[in-house]
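User: Hi! Could you walk me through how the labels on this structure are earned?
Analyst: Gladly. Here it is, and then we can take your questions one at a time.

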Amino acid sequence: MADAVDEENKKVEGEVLSSSPLTVTSASTTQAPQENQNLNDPTASQTFCQRVVNLLSKDDVDTAIKMQYDMYEIGRVERANAVIGNFNVVGKKQYDEFLPKFKAHTRLIMDMKKDLDNVFKRIRVLKRKIASQHKEAYEAAEYKIYGEASFDEDIGE
């Protein structure tokens, strides 16, 4: 009965060894190295490494390397996005601080423009009044200030 169990184990071992992609020459891996072993024969670790390398195709390895590179690039883009996001946060904070001041200054400038327009309009009205009431004196003063050329285009409005 022990012989039947041993034969069954050897049969199962043989099936496992033959079905795996790795080919093993011996079922026992704990054998002591033989003295007459050739130095060109690969060691177990070299054999294992060679078989692992043979399991992977070059295309798979290239694809994995490209994916790693893409992940590195994605990491760089994510870091750049974080920097830009921080820049936007700081920019928004400064914009929020600056906007009320900008609006106040804009209102001030617009009010100053209205005031100046009003002042120039009043000056034109006074010039017209003086020109109509004191025509000779106005022309003499105008000649004295401007010389030969007359600048009556303001009065004609």
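User: What makes two rings an aromatic pair here, and how many such pairs are there?
Analyst: The structure holds one aromatic pair. Its members are Phe98 and Phe102, with ring centres 5.8 Å apart and planes at 35°. Rings of Phe, Tyr and Trp (its six-membered ring) pair if their centres lie within 6.5 Å, so 5.8 Å qualifies.

A word on the source: this is a predicted model, where local features need pLDDT of at least 70, side-chain atom pairs count only at pLDDT 80 or more, and totals for chains, interfaces and linings use all residues. Residues are numbered from 1 along each chain as its sequence is written, and side-chain values use heavy atoms, with hydrogens and water left out.

User: Why is the pair of Phe98 and Phe102 called tilted?
Analyst: Planes under 30 degrees apart count as stacked, over 60 as edge-to-face and the rest as tilted, so the 35° between Phe98 and Phe102 makes the pair tilted. Both residues sit in helix α3 (residues 58–133), four residues apart, which is about one helical turn.

User: What counts as a helix, and how many does the protein chain have?
Analyst: The protein chain has four helices and zero strands. Both are DSSP runs numbered from the N terminus: helices are H or I with at least four residues, strands are E with at least two.

User: Why is Phe102 called partly exposed?
Analyst: Buried means under 20% relative accessible area, exposed over 50%, and partly exposed in between (1.4 Å probe, protein chains only). Phe102 has 46% relative accessibility, so Phe102 is partly exposed. By that scheme, 4% of the 157 residues of the protein chain count as buried.

User: How do you know that Asp117 and Lys113 form a salt bridge?
Analyst: A salt bridge is a side-chain nitrogen of Lys or Arg within 4 Å of a carboxyl oxygen of Asp or Glu; for Asp117 and Lys113 the closest N and O atoms are 3.0 Å apart, so the pair qualifies. They are four residues apart in helix α3, about one helical turn. Asp117, at 40%, is partly exposed, and so is Lys113, at 47%.

User: What makes Lys58 exposed, and what does Lys58 meet in a salt bridge?
Analyst: Lys58 has a relative accessible area of 61%, so Lys58 counts as exposed. The side chain of Lys58 meets that of Asp62 at 3.5 Å, N to O. Asp62 is partly exposed at 35% relative accessibility. This is one of five salt bridges in the structure.
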